[in-house]
Amino acid sequence: MKSFFSSRYCLDGPVVFTDEVIWFCEDCEPKKISLKTKSASLANNALQPRRKLKHCVKRLTVRNQQHKKIKEKQKNGKVNSRVHNIRYEQETESENECEPVPSNAPNTNVVPKSVLISQVTATDDLITLEVHVEAQPIAEPMWRGNLLFCDKSKTIGTVNGLLAHLSSLASPKVLEEADLFPEVLSADLLPRSAVWPNSFKKEGPTDRSIALYFFPVNERSSINVFDMLVDDIIRTDDAIRVVTENAVLLIFPSTLLPTQHQRFHSKHYLWGVFKKK
């Protein structure tokens, strides 16, 4: 309360003022303190958002650094996990994937850019794979040649113009062995029961069992001879055996496969599997 000489009612005794003064009585003094406290509180509240923002920026910076380290570790882990995969490419290494033959196009119209080959496992006496995708013949044939059927060193028949296509699920060993094929393969026609692999006796073959697909060249005469050979093998329940460089190639008709894999372009075909010597 502002007062001059006439305002002395709240003092403890008579006081004579010689100059103009500004003072607060006991009733007014707490109000002044309250105003200061309120002003300090408002200033503190004004600074709170800035402190929070600064704290959030700091936490965000630390979190980004942690995420960056985690991504680098994950990237290194993905690179290491691909050690067991083998990729064969015809031209240069790229991001191209394996391209199986489309179901509505002839074998000779599509050329694959690369072949993806998975890890190999051994089951019974056959070379098989542990995969969960359907097999398809690779468009470009791995071998072109003839089958020469012999009986006691005597030629009994020849099938010319054959093509061997690698399966999209074939192991690297199949690729290596097929590269050693001569132009003419000497073959024996035997009862299927005599050469049927033990692993097929329990559950039967699947598309994963196929190492090579066999088709005729795109010539009428070769197609007719091939179709007759397939029909005869199906009717007599026979199989073809070919002794290769490091293994034995067993060839069977597609009718022994599951129903969805028995035909290619609506026709039966021959498929082969390698057996260890």
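# Exercises on helix 5 and its neighbouring strands

Asp 237 lies in the loop between helix 5 and strand 11; helices (H or I, at least four residues) and strands (E, at least two) are DSSP runs, numbered from the N terminus. The model is predicted, so local features need pLDDT of at least 70 and side-chain atom pairs count only at pLDDT 80 or more, while totals for chains, interfaces and linings use all residues. Residues are numbered from 1 along each chain as its sequence is written, and side-chain values use heavy atoms, with hydrogens and water left out.

**Exercise 1.** Determine whether Asp 237 is buried, partly exposed or exposed, and state the sign of its phi.

*Solution.* Step one: recall the cut-offs, where buried means under 20% relative accessible area, exposed over 50%, and partly exposed in between (1.4 Å probe, protein chains only). Step two: the relative accessible area of Asp 237 is 36%, so this residue is partly exposed. Step three: its phi is near 55°, a positive value in a residue other than glycine.

**Exercise 2.** Compare the expected span of helix 5 (residues 220-236) with the distance between its end C-alpha atoms, and locate its buried residues.

*Solution.* Step one: the expected span is 1.5 Å times one less than the number of residues. Step two: for the 17 residues of helix 5 this gives 24 Å, and the end C-alpha atoms are 24 Å apart, which agrees. Step three: Ser 222, Phe 226, Leu 229, Val 230 and Ile 233 are the buried residues of helix 5. Step four: they cover an arc of only 95° around the axis, so they sit on the same side of helix 5; the arc is that of the directions from the helix axis to the C-beta atoms. Step five: an α-helix has 3.6 residues a turn, so residues three or four places apart point the same way. Step six: Arg 220, Met 228 and Arg 235 are exposed on the other side of helix 5.

**Exercise 3.** Establish how strand 12 (residues 247-253) is enclosed and which strands pair with it.

*Solution.* Step one: 7 of the 7 residues of strand 12 are buried, so the strand is largely enclosed by the rest of the structure. Step two: Ala 247, Leu 249, Ile 251 and Pro 253 are buried on one side, and Val 248, Leu 250 and Phe 252 on the other. Step three: two strands pair if DSSP finds at least two bridges between them. Step four: strand 11 (residues 238-243) runs antiparallel to strand 12 and is joined to it by 4 bridges, with Val 248 as the bridge partner of Val 243. Step five: strand 13 (residues 270-276) is also antiparallel to strand 12, with 7 bridges between them, and Ile 251 stands opposite Gly 272.
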